[in-house]
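Work through the exercises below with the sequence and the model open beside you. Try each task before reading its solution.

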Amino acid sequence: MTQDPVLSVRNLTTAFRTDEGWRSVVRNVSFDIASGETLAIVGESGSGKSVTSLSIMRLLAPGASRIEGEIRLNGRDLLGLSEKAMRGVRGNEVSMIFQEPMTSLNPIFTIGRQISEVLTRHKGLSKTEARAETIRMLERVRIPNAASRFDEYPHQFSGGMRQRVMIAMALASRPKLLIADEPTTALDVTIQGQILDLIKELQDEEGMAVLFITHDMGVVAEIADRTVVMLRGDAVETGPTEDIFHRGRHPYTRALLSAVPKLGSMEGKALPLRFPVVDTATGIALEPVGAERSVVQHQPILEVRNLVTRFPVRSGLFSRQTGAVHAVENVSFDLRQGETLSLVGESGCGKSTTGRSIMRLIEPTEGEIQLDGFNVRELGALELQRMRKSIQMIFQDPFSSLNPRMSVGQAVAEPFLKHRMGTAAEAREKAAYLLERVGLPAAMMSRYPHEFSGGQRQRIAIARALSLDPKVIVADESVSALDVSIKAQVCNLLLDLQESLDLAFLFISHDMAVVERVSHRVAVMYLGEIVEIGPRAAVFENPQHPYTKKLMAAVPVPDPARRGIRRGISNEELKSPVRPLGYRPPVRQYREVSVGHLVQVADA
Amino acid sequence: MTVIEQTAGVEPREKSRAWGKLKKSRSALAGLAIILFFTVLAVAAPLLPIPDPVATSWSAIRKAPSAAHWLGTDDLGRDILSRMIWGAQASLMAGIFSVVIAVVIGVPFGMLAGYFGGWVDLVISRITEALLAMPFLIMAIALAAFLGPSLTNAMIAIGLTAMPIFVRLTRGQVLAVKQEDYVEGARSVGLGHVDIMVRYILPNVTAPIIVQATLTVATAIIAEASLSFLGLGQQPPAASWGSMLNVAKNFLSQAPWMAMWPGAAIFLVVIGFNLLGDGLRDALDPREH
């Protein structure tokens with residue numbers, strides 16, 4: 001590109017004031033973005049990628065931060081502008097969309113008003129002109145019946161639709177630069193695909209420059225012309241996306257890429273496989289050997305038959321029940337020792353509710369659950385506590401799954417003591433052993449959770465779950481919140497533990513690529529029902545149900561060669577599992593495709 | 001595996017850590033010093049060489065501070081310094097014990113309401129709201145009148161009146177903490193309700209309760225004053241800071257010292273409790289360094 005860049009960043013250094021003085025979190029970062037071009041900044045948490053974008057917008061608290069270097073927007077130095085002039089730039093020449101579509105819209109104003117405000121303020125349009133323009137914008141982001149939705153409030157929109165509204169608002173002022181900070185991270189994978197396509201489409205039409213911030217290499221490959229890889233505040237590598245992916249020079253780039261689970265990488269393999277261990281200093285990947293194992297075919301440890309869980313929906317003056325959320329509908333499966341069964345699906349498909357129902361953290365409505373000799377649904381309070389020794393859970397968010405007021409040693413030893421499995425001394429010994437087992441020094445026992453990183457906390461949560469010697473572990477999105485390299489490590493740990501302790505995992509996840517790597521069998525859930533279940537290889541290589549196919553097609557694959565691919569703009573939303581009172585779910589038929597591979601037959 | 005030995009003694013470390021942190025906090029120590037100072041004065045009142053706090057003197061009515069009466073005298077010629085020291089007893093007790101009553105009753109009810117929800121919450125919350133709907137003082141006066149005039153009854157009345165605030169506060173905090181994964185995690189390892197409430201919820205809801213408690217100490221001291229004014233608290237002629245303040249307000253322009261000293265004392269005690277409360281809150285939080 002020969003034209004002048006829209007945005008030119010030179011030697012950007014941002015520091016924050018701390019107790020020990022100024023601490024730089026972004027150092028000497030330089031890049032250009034031309035109009036019509038997409039630049040991605042990719043990195044793990046703490047890499048400074050978001051701070052970079054906030055520095056460009058000058059949205060950091062002035063007293064507590066210091067921005068140095070040069071940021072030129074169309075030749076004008078943004079760092080030299082007054083705060084007032086800067087307000088004219090934000091939302092006008094540069095727009096920003098954020099990660100959380102649920103909180104970035106003001107809930108008390110209609111979406112129409114929020115968008116037209118941008119137009120009346122920055123473009124000086126009259127109210128009627130702004131209204132017409134707003135409706136045109138909503139149509140451009142493919143919101144159905146845009147005119148009639150103008151006067152609706154944010155809560156009346158789904159997450160994906162809200163992100164569209166955010167994009168419409170960002171684009172209303174026809175910015176020259178759009179900064180998108182993890183805009184699809186909080187969205188379901190099929191919705192993420194739609195939003196990525198939409199951004200690409202709109203960029204083609206408007207010719208704006210896009211700065212895309214993400215941690216997801218799949219998204220980078222799909223959207224970015226050029227990529228900046230950041231590591232702890234430094235831009236370690238900058239270049240065309242193709243080069244970064246195929247000829248990455250910096251060891252960290254290579255490490256990051258090899259840790260990314262890649263859908264389709266397991267073709268032809270029958271059993272789970274560990275992630276390659278990569279040295280971030282040298283970038284050399286060691287393919288793990290001897291990682292595969294087969295499941296000994298014995299009696300299932302967990303049998304679930306026709307599980308149904310519904311939540312009443314109440315409304316009106318006397319909160320009468322007016323309907324029900326059919327969260328889990330007629331779900332059946334088996335799980336054997338040493339086996340991983342993954343439940344995959346998008347938000348609201350009932351996968352987490354299934355896990356919680358099996359543990360009776362939520363009371364199921366109907367069905368039968370046999371777990372390690374317990375008839376789970378018939379258990380009284382005392383027997384239920386005994387059953388908890390057989391099944392344990394690992395949660396998604398390592399920052400909220402440990403009690404901040406309890407030391408790590410106490411947290412790991414507590415279940416052991418509560419179930420009177422030994423003395424206090426034995427509990428301490430066990431806790432020390434388990435911490436070492438999950439890769440943490442036992443000397444850290446007296447520390448508190450806030451002193452650990454996300455990955456370490458997840459290891460602690462795993463150690464705690466193991467303290468009762470359970471046979472089944474429900475891992476509810478247990479690796480979803482972790483950075484790629486940490487995710488790979490924790491997955492490997494889970495596989496190690498499975499191998500040595502013969503654990504059965506019910507692995508609940510929305511991440512198809514991780515699921516492909518770790519599972520023996522997979523069940524795809526949609527609107528509370530299992531639509532397809534079978535051995536992993538069968539489901540991934542020969543998906544039968546249309547929803548399974550759609551889900552797999554939506555996953556961004558970290559391969560820049562696929563960048564041209566468009567899924568075709570659609571604005572289909574996830575359906576709601578809320579049904580009116582007295583709704584009878586249809587009786588489903590399943591068809592056996594191959595041994596153990598069952599597919600729900602579509603409605604006749 | 002040599003590190004295992006070092007890990008013995010996880011339990012004692014937590015307490016010593018909290019103490020160590022409290023000792024390092026200068027403001028908390030200052031708060032503690034203020035409270036100790038007044039407490040010692042109050043306890044030592046009978047031993048100190050000070051005039052009788054109830055002895056009136058028609059020749060020394062509303063005298064400004066002097067060598068004979070360091071802090072001056074009141075409208076009946078009683079020595080203010082002496083009344084201040086004797087009054088510290090009543091005021092500190094009113095402040096502390098009513099708050100203890102309010103916390104000891106209010107927090108458990110708030111925990112129950114927030115934790116169990118449903119009809120338990122419904123009953124507790126409705127009663128709390130009904131109690132809160134009544135003005136604080138009217139409520140305290142009604143209760144104190146019902147219980148009969150004495151300092152003890154005044155403290156009980158103030159405590160019960162302040163209690164609904166703690167129910168509400170605790171309930172709200174519990175509702176927030178209950179959402180955290182670690183509470184569900186505690187259920188999933190088989191812990192019972194009591195364990196979860198005591199070990200998982202209570203430690204995570206204490207911070208705002210401590211702050212509220214220190215602020216309520218001030219309210220309680222003032223409330224005791226109002227009750228004494230109506231003859232429902234400390235019985236005259238015995239002194240309390242609040243009752244002194246109450247009388248003093250009639251002579252604000254003629255004898256400002258009458259209001260100044262009890263006012264300053266209440267201010268200091270409240271500051272003291274506040275500083276100590278803040279320090280305590282931070283010391284108990286492992287996240288603070």
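## Exercise 1: a residue in the core

Task. Find the residues that L177(A) touches, leaving aside its neighbours within four places in sequence.

Solution. The model is a predicted one. Begin at L177(A) and skip the neighbours within four places in sequence. The contacts that remain are V6(A), L7(A), I33(A), L73(A), E93(A), V94(A), M208(A), A209(A) and L211(A).

Next, place L177(A) in its surroundings. The largest nonpolar core has 242 residues, and L177(A) is among those with the most contacts inside it, as are A168(A), L211(A), L435(A), V472(A), V474(A) and V524(A). Helix 3 of chain B, residues 80-116, supplies the largest share of this core, 19 residues. Both domain 1 (7-259) and domain 2 (302-317 + 331-390 + 470-600) of chain A give residues to the core, so the core lies between them.

## Exercise 2: two domains of chain A

Task. Describe how domain 1 of chain A meets domain 2 of chain A.

Solution. Start with the bounds: domain 1 of chain A covers 7-259, and domain 2 is made of the pieces 302-317, 331-390 and 470-600. Their C-alpha centres are 33 Å apart. Now count the residues in contact: 30 from domain 1 of chain A and 25 from domain 2 of chain A.

Then look at which elements build the side of domain 1 that touches domain 2. Helix 6 (159-172), helix 7 (189-206), helix 8 (217-223), helix 9 (241-247) and helix 10 (251-259) of chain A each give two or more residues to that side. Helix 7 of chain A has the largest share, eight residues. Sorted by class, this side of domain 1 has twelve nonpolar, ten polar and eight charged residues.

## Exercise 3: the sheet of eight strands

Task. Trace the open sheet of eight strands in chain A and name its edge strands.

Solution. Follow the strands in the order 18-19-20-15-21-22-25-24 of chain A; the pairing is mixed. At the edges are strand 18 (391-394) and strand 24 (590-594) of chain A, each paired on one side only. From one strand to the next the twist averages 20 degrees.

Take one pair as an example. Strand 19 (residues 472-476) and strand 20 (residues 504-509) of chain A run parallel and are joined by five bridges. Within this pair, V474(A) has L506(A) of strand 20 as its bridge partner. V474(A) is also one of the residues with the most contacts inside the largest nonpolar core.

## Exercise 4: the sheet of five strands

Task. Work out the order of the open sheet of five strands in chain A, and explain why one side of strand 17 and of strand 23 has no neighbour in the sheet.

Solution. The order is 17-16-13-14-23 in chain A, with antiparallel pairing. Strand 17 and strand 23 (578-580) of chain A are at the edges with a single partner strand each, so one side of each has no neighbour in the sheet.

Check the order pair by pair.

- Strand 16 and strand 17 (residues 374-375) of chain A are antiparallel, with two bridges. L371(A) stands opposite F374(A) of strand 17. These two strands form a hairpin with two residues between them, and D372(A) in the turn has a positive phi of about 50 degrees.
- Strand 13 (residues 302-315) and strand 16 (residues 366-371) of chain A are antiparallel and share five bridges. Here V304(A) stands opposite I369(A).
- Strand 14 (residues 320-335) and strand 23 of chain A are antiparallel, joined by three bridges. V325(A) has V578(A) of strand 23 as its bridge partner.

## Exercise 5: chain B and its contact with chain A

Task. How many helices and strands does chain B have, and which of its elements touch chain A?

Solution. Chain B has ten helices and zero strands. Of its 289 residues, 44% count as buried. Its C-alpha atoms fill a box of roughly 80 × 50 × 30 Å, taken along the principal axes.

The contact takes 23 residues from chain B and 31 residues from chain A. On the chain B side, helix 1 (10-24), helix 7 (181-188) and helix 8 (193-229) each give two or more residues. Helix 7 of chain B gives the largest share of that side, six residues. By class, the chain B side has ten nonpolar, six polar and seven charged residues.

Terms used:
Residues numbered from 1 in each chain as written. Chains lettered and ligands numbered in written order. Predicted model: local features only at pLDDT ≥ 70, side-chain atom pairs only at ≥ 80, totals over all residues. Core = buried A, V, L, I, M, F, W, Y, C linked by C-beta atoms within 7 Å. Buried ≥ 20, exposed ≤ 12 C-beta atoms within 10 Å, placed from the backbone. Helix = DSSP H or I, 4+ residues; strand = E, 2+ residues; numbered from the N terminus. Domains from an automatic or database assignment. Contact = placed C-beta atoms within 7 Å. Nonpolar A, V, L, I, M, F, W, Y, C, P; charged D, E, K, R; others polar. Pairing = 2+ DSSP bridges. Axes fitted to C-alpha atoms, helices over the stretch in contact; angles between N-to-C directions.
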